[in-house]
Amino acid sequence: MVGQSAISTTLKNSIQNHHLGHAYLFSGTRGVGKTTIAVSLGGLAAARGEPTLLVDFDPHGSLTSYFGWDHDSIDDSAFRLFEREGLA
């Protein structure tokens, strides 16, 4: 994660000590590694047999696209729900 050495260290320690949190929220500017970290942590948790859910609130659908889905072809999304409710 670009410019986030403290968080990177905390996550590395959590992984090494098998103490992943129940939830993580990544936000920030484009290109800092939010999607990459989400996919990596999600994959690690799933590989360990942990129940895993990744939720994509990005209006560009970066996480959705990572898994091979065209976010524009999905009729509804969490982001569109927020838009309809005036929350986005």
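**Figure 1. Helix 1 against helix 2.** The buried residues of helix 1 pack against helix 2 in this predicted model. Those buried residues are Ser8, Leu11 and Ser14. Looking down the axis of helix 1, you'll find its buried residues within an arc of 130 degrees, so they line one face of the helix. For background, an α-helix has 3.6 residues a turn, so residues three or four places apart point the same way. Flip to the other side of helix 1 and you get Ser5, Ala6, Lys12 and Gln16, which are exposed. "Buried" here is under 20% relative accessible area, and "exposed" is over 50%.

**Figure 2. Helix 1 from end to end, and what comes just after.** How far apart are the end C-alpha atoms of helix 1? They sit 16 Å apart, and that agrees with the 16 Å that its 12 residues (5–16) should span at 1.5 Å a residue. Just after helix 1 comes His18, with a positive phi of about 55 degrees.

**Figure 3. The largest pocket.** Rolling a probe the size of a water molecule over the atoms shows where empty space is left. The largest pocket has a volume of about 1200 Å³. It is lined by 36 residues, and the closest to its centre are Tyr24, Phe26, Ala38, Leu54 and Val55. Which elements give two or more residues to the lining of the largest pocket? Those are helix 2 (34–47) and helix 3 (62–66).

**Figure 4. What the pocket lining is made of.** Helix 2 gives the most to the lining of the largest pocket, chipping in 7 residues. Sorted by class, the lining of the largest pocket comes out as 16 nonpolar, 14 polar and 6 charged residues. So helix 2 turns up in two of these views: the buried residues of helix 1 pack against helix 2, and helix 2 also lends residues to the lining of the largest pocket.

**Figure 5. Stepping back to the whole chain.** The protein has 4 helices and 0 strands, which reads along the sequence as α-α-α-α. Its C-alpha atoms fill a box of roughly 40 × 30 × 25 Å, taken along the principal axes. How much of the protein counts as buried? The figure is 17% of the 88 residues. As for contacts in the protein between residues at least 6 apart in sequence, 34% of them join residues at least 24 apart.

Definitions and conventions: Residues are numbered from 1 along each chain as its sequence is written. This is a predicted model: local features need pLDDT of at least 70, side-chain atom pairs count only at pLDDT 80 or more; totals for chains, interfaces and linings use all residues. Side-chain values use heavy atoms; hydrogens and water are left out. On a 1 Å grid over the protein atoms alone, a cavity is a set of points where a 1.4 Å probe fits but cannot get out, and a pocket is an open set with protein on both sides within 12 Å along at least five of seven lines; lining residues have an atom within 4 Å of a point. Grid points are joined across faces, edges and corners, and a volume is the space filled by probe spheres set on the points. Ala, Val, Leu, Ile, Met, Phe, Trp, Tyr, Cys and Pro count as nonpolar, Asp, Glu, Lys and Arg as charged, and the others, Gly among them, as polar. The expected span of a helix is 1.5 Å times one less than its number of residues. Buried means under 20% relative accessible area, exposed over 50%, partly exposed in between (1.4 Å probe, protein chains only). The arc is that of the directions from the helix axis to the C-beta atoms. Contact means heavy atoms within 4.5 Å.
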